[in-house]
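Subject: Structure handover

Hi,

Here is the structure I promised to pass on to you. Please open it alongside this message, and my notes on what turned up follow below.

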Amino acid sequence: MQILRKSMPWRPYLIRLTFLSLIMALAGSYAMTRYRIGIDTQKERCLPDTTVYLIDLWDKEPIRGELYAFHAEGLAPLYSDGTRMLKRLTGMPGDGVNVTAERVLVNGVEVSTGMALAHRLGVVETEFSRSLTLQENEYWFSGEAATSFDSRYWNAVKREQIIGRARPLW
């Protein structure tokens, strides 16, 4: 027994395919304009639980406690200018920061401990000790690991260096 198949018109499928392709192209373009993927390839991570992050380039409004990607400036020879870094925002303009060899306090709250990288940098821990008030347009970023290379070593980040808020993926 032979089953006869009815020939379907190709025009409706072509129209649907074109429409679907257009929608996918627009969605892809939007995603590529707004988002970047950040991958932490370091052996010693400053944010130990996550390796891959989604960085929202349109979400740059600083919120204390959130993760942000920013461009490094003045961190040579360890990092060249423009290197993308990712840390937690722990200090905002007007906040008081006190850095000692033992810990870092922002408005009296501990955000980091120790100076584990001082010896690797060839500097005595007390060289990094200072007290300051973050000025307008200045932000303090901290890693969660004792070996994080963060603001305790290189100071505040300017607002224009912020790339966008980062969200952990896995």
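Asn107 has a relative accessibility of 45%, so this residue counts as partly exposed. Please keep in mind that the model is predicted. Asn107 sits in the loop between β6 and β7 (109-113), and its phi is positive, about 55°, although the residue is not a glycine. A second asparagine joins it on the backbone list: Asn137, with a positive phi of about 80°, is not a glycine either. Asn137 belongs to the loop between β8 (130-133) and β9, and with a relative accessible area of 26% this residue is partly exposed. One more backbone item is the peptide bond from Ala76 to Pro77, which is cis, with omega near 10°. Pro77 is found in the loop between β3 and β4. As background for these three entries, most residues other than glycine have a negative phi, and most peptide bonds are trans.

Now to Ser148. Is Ser148 buried or exposed? Its relative accessibility is 1%, under the 20% limit, so Ser148 counts as buried. Ser148 lies in the loop between β9 (138-142) and α2 (151-154). Leaving out residues up to four places away in sequence, Ser148 touches Cys46, Lys87, Leu117, Gly143 and Tyr153. If you want to relate Ser148 to Asn107, the two are 41 residues apart in sequence, and their C-alpha atoms are 20 Å apart in space.

Next comes the interior. The largest nonpolar core has 25 residues, and those with the most contacts inside it are Val97, Trp140, Phe141, Phe149, Tyr153 and Trp154. Which elements give two or more residues to this core? They are β3 (67-71), β4 (84-91), β5 (96-99), β6 (103-106), β9 and α2. The largest share, 3 residues, comes from β9. Apart from this core lies another, of 10 residues, including Leu47, Tyr53, Leu86 and Ile163. In general, nonpolar side chains tend to be buried together in soluble globular proteins.

Phe149 is a good residue to click on. Not counting residues up to four places away in sequence, Phe149 touches Leu75, Leu78, Tyr79, Met85, Lys87, Leu117, Leu121 and Trp154. Lys87 and Leu117 are also on the contact list of Ser148.

As for the sheet, 7 strands form an open arrangement in the order β1-β2-β11-β3-β4-β9-β10, with antiparallel pairing. The edge strands are β1 and β10 (157-158), each of which pairs on one side only. Strand β1 runs antiparallel to β2 (residues 52-56), and 5 bridges join the two. In one of these, Arg36 has Ile55 in β2 as its bridge partner.

Strand β1 (residues 35-39) also holds Ile37. At 46% relative accessibility, this isoleucine falls between the 20% and 50% limits, so Ile37 counts as partly exposed. What makes up the nonpolar surface patch of about 470 Å²? Ile37, Ile39, Leu169 and Trp170 make it.

That is what I have for now. Have fun looking around!

Best wishes

Conventions: Residues numbered from 1 in each chain as written. Predicted model: local features only at pLDDT ≥ 70, side-chain atom pairs only at ≥ 80, totals over all residues. Heavy atoms only, no water. Helix = DSSP H or I, 4+ residues; strand = E, 2+ residues; numbered from the N terminus. Buried < 20%, exposed > 50% of the residue type's maximum accessible area, 1.4 Å probe, protein only. Contact = heavy atoms within 4.5 Å. Patch = residues over 30% accessible without salt bridge, like charges linked within 9 Å, V, L, I, M, F, W, Y side chains within 5 Å. Areas by Shrake-Rupley, 256 points an atom, 1.4 Å probe, with all protein chains shown as cover. Salt bridge = Lys/Arg side-chain N within 4 Å of Asp/Glu carboxyl O. Core = buried A, V, L, I, M, F, W, Y, C linked by side-chain atoms within 4.5 Å. Pairing = 2+ DSSP bridges.
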